[in-house]
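Thanks, everyone; I would like to use these few minutes to talk about side-chain packing, and in particular about rings and nonpolar cores. Please have a look at the structure first.

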Amino acid sequence: MAEREERFIGQLLVNAGIISHEDLEKALVEHKRTGEFLATTVVKMKLAPEEAVFSILGEQIGVPYINLRKIEPDAQALEKVPARFALHYKIFPVKLYDNTLEIAISDPLNIQALDDIRLLLNLDVKPYLAYEETIMDMIRRYYGLGAGTVEGLQKRQKEKPVSVEVEEAVEDSSIINFVNQILTQAIEDRATDVHIEPFEDELRVRYRIDGILHNMPLPQGAKQFQSAITSRIKIMANLNIAERRLPQDGKIVFKYKDQEYDLRVSTLPTPEGESIDIRILSKTMLFSLGDLGLLEEDYNILESLLKKPNGIIFVTGPTGSGKTTTLYACLQKLNTQDRKIITIEDPIEYRIKGITQIQVHPKIGLTFAQGLRSILRHDPDIILIGEVRDIETAEIAIRASLTGHLVFSTLHTNDAASGVTRLLDMGIEPYLIASSVECFIAQRLVRVLCNKCKYKEKISPKLAKIFSAEEGLEIYNAKGCEECKYTKYKGRTAIYEFLPLKPEIKELILKRASSDQIKKTAVKLGMRTLKMEGWEKIKAGLTTCEEVLRVVAEEEG
């Protein structure tokens with residue numbers, strides 16, 4: 001579109017009070033860089049909401065705005081427009097009647113595109129104005145992720161049949177493109193894991209976003225390319241594509257928008273083919289202590305722990321509760337020129353400059369225990385052990401802490417007090433726990449309410465009782481909107497339970513007291529349980545009661 005027309009559209013938005021003159025100039029600079037429709041640029045830059053921009057624009061140019069998320073498209077219209085066609089012109093079919101096709105288009109002033117559509121489909125076209133990102137979301141939802149690519153593959157197969165299991169199919173540009181689409185969409189959606197799961201009659205792809213699995217629709221026919229998709233991922237991860245009977249693990253370095261991601265790939269054999277999990281780790285996702293969501297009191301406790309010259313700090317919680325992120329934030333704080341820090345991990349999740357990191361390799365005898373013995377001969381000040389899994393590793397860790405080293409590690413327990421009983425169950429003597437461990441920290445991750453659509457409401461009597469709260473107290477909830485993809489949440493924060501080993505706690509450990517006794521005493525001494533910390537985040541409007549109860553047992557605290 002000509003620069004004059006873009007400026008005319010921008011001026012309409014200014015005149016309507018949607019954006020300021022300064023915002024228009026910023027948007028025009030960005031539009032010049034990207035070549036996108038100016039209205040799309042304004043919304044992408046968050047200078048104004050989608051509905052406000054496109055409603056005013058639609059009125060002015062005589063093309064009505066349509067909110068695609070509030071309509072159910074016509075099946076006949078979807079059938080008439082191939083996916084690759086919709087993707088190329090960035091249109092979405094809405095309704096088909098009397099030889100007329102209603103479509104949503106992000107740039108209705110693009111006369112060339114509208115003429116092409118009329119000619120190619122041999123239909124009259126009635127355009128509606130819609131936001132480009134919403135159109136692309138609707139294409140993914142109704143046609144499936146990578147639908148244009150799969151359509152192209154199916155078309156070529158009809159013209160020249162070829163087995164999808166042969167080597168050429170694996171290196172086919174369409175298969176490469178399809179796998180890249182799965183990965184880039186996962187990164188854009190902030191997914192931490194991609195699950196590619198084969199079943200008898202379908203291939204399923206699910207993304208784990210903010211700890212919850214979401215189904216990603218695939219186009220019909222994706223199942224027939226399952227072997228080629230699996231083989232392509234295995235080639236990228238340097239795995240053996242001929243071996244389909246044994247689990248395999250590999251790694252992909254994936255670049256997207258000038259950023260590198262480490263993708264950890266794991267395959268599992270199933271009767272329907274290989275199931276694949278891809279863990280997405282951004283190389284820039286290292287947090288500082290201030291980013292962890294610690295309450296002020298917890299932050300002060302952790303800072304004082306990091307000043308200790310020796311002792312062990314255990315972080316506990318189930319898989320995926322953010323233990324490694326917390327430990328890496330601690331190491332970032334301690335990573336100075338005058339300290340030697342060595343880690344032994346399985347696997348190394350993030351690489352940190354200035355820290356010596358070792359990957360466990362049990363097949364060649366490099367276990368946590370064996371690696372830890374060698375680490376102690378390298379004069380470290382601080383040691384991170386990925387996980388204490390057995391008595392041998394625990395004993396060496398304790399010995400290291402007693403000989404002047406600050407040691408960090410993790411345990412898989414439900415709360416902080418259970419960390420004590422886990423070590424006792426391993427066979428560690430109570431006096432060694434009491435003399436070496438400085439603190440047990442339990443943690444969980446809770447989803448954060450979307451700032452754009454959250455609102456206040458009164459707490460229900462049932463929830464007030466569970467959290468020992470005052471009835472009628474106002475807390476926050478959310479409606480769900482485009483910003484949070486109608487999930488009500490965007491992002492996550494952690495809730496913590498700090499159990500420093502005060503003299504009273506050490507006495508209970510020496511008496512082999514139960515975790516319940518230790519917990520009750522710790523609460524009397526001022527410890528906040530996970531549920532109590534969760535309540536603080538609820539009151540602050542960060543999360544909901546339901547979300548805290550999802551990760552913490554009701555009876556707790």
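Let me begin with a charge and a ring: in this model, which is a predicted one, Lys531 lies over the face of Phe467, at 5.9 Å from the ring centre. A further case of this arrangement involves Lys95, which sits over the face of Tyr97 at 5.8 Å from the ring centre.

Turning to rings with rings, the structure holds eight aromatic pairs. One of them is formed by Tyr328 and Tyr350, edge-to-face, with 5.7 Å centre to centre and 70 degrees between the planes. This pair links distant parts of the chain, 22 residues apart, since Tyr328 belongs to helix 14 (residues 323–334) while Tyr350 is in the loop between strand 11 (341–345) and strand 12 (356–359). Tyr328, at 2% relative accessibility, counts as buried, and Tyr350 is buried as well, with a relative accessible area of 9%. Tyr496 and Phe498, by contrast, make a tilted pair, 5.9 Å centre to centre and with 45 degrees between the planes; Tyr496 is buried at 1% relative accessibility, and Phe498 is buried at 5%. Elsewhere, ring pairs join Phe54, Tyr65 and Tyr131 into a cluster.

Finally, the cores: which members of the largest nonpolar core touch the most other members? Of its 55 residues, these are Leu423, Phe440, Leu499 and Ile518. Leaving aside residues up to four places away in sequence, Leu499 has contacts that include Ala416, Ala417, Phe440, Ile518 and Met527. A second, separate core has 36 residues, among them Ile175, Val205, Ala222 and Ile229.

How values were computed: Residues are numbered from 1 along each chain as its sequence is written. This is a predicted model: local features need pLDDT of at least 70, side-chain atom pairs count only at pLDDT 80 or more; totals for chains, interfaces and linings use all residues. Side-chain values use heavy atoms; hydrogens and water are left out. A nonpolar core is a set of buried Ala, Val, Leu, Ile, Met, Phe, Trp, Tyr and Cys residues joined through side-chain atoms within 4.5 Å. Buried means under 20% relative accessible area, exposed over 50%, partly exposed in between (1.4 Å probe, protein chains only). Contact means heavy atoms within 4.5 Å. Rings of Phe, Tyr and Trp (its six-membered ring) pair if their centres lie within 6.5 Å; planes under 30 degrees apart count as stacked, over 60 as edge-to-face and the rest as tilted. Helices (H or I, at least four residues) and strands (E, at least two) are DSSP runs, numbered from the N terminus. A charge sits over a ring if NZ of Lys or CZ of Arg is within 6 Å of the ring centre and within 35 degrees of the ring normal.
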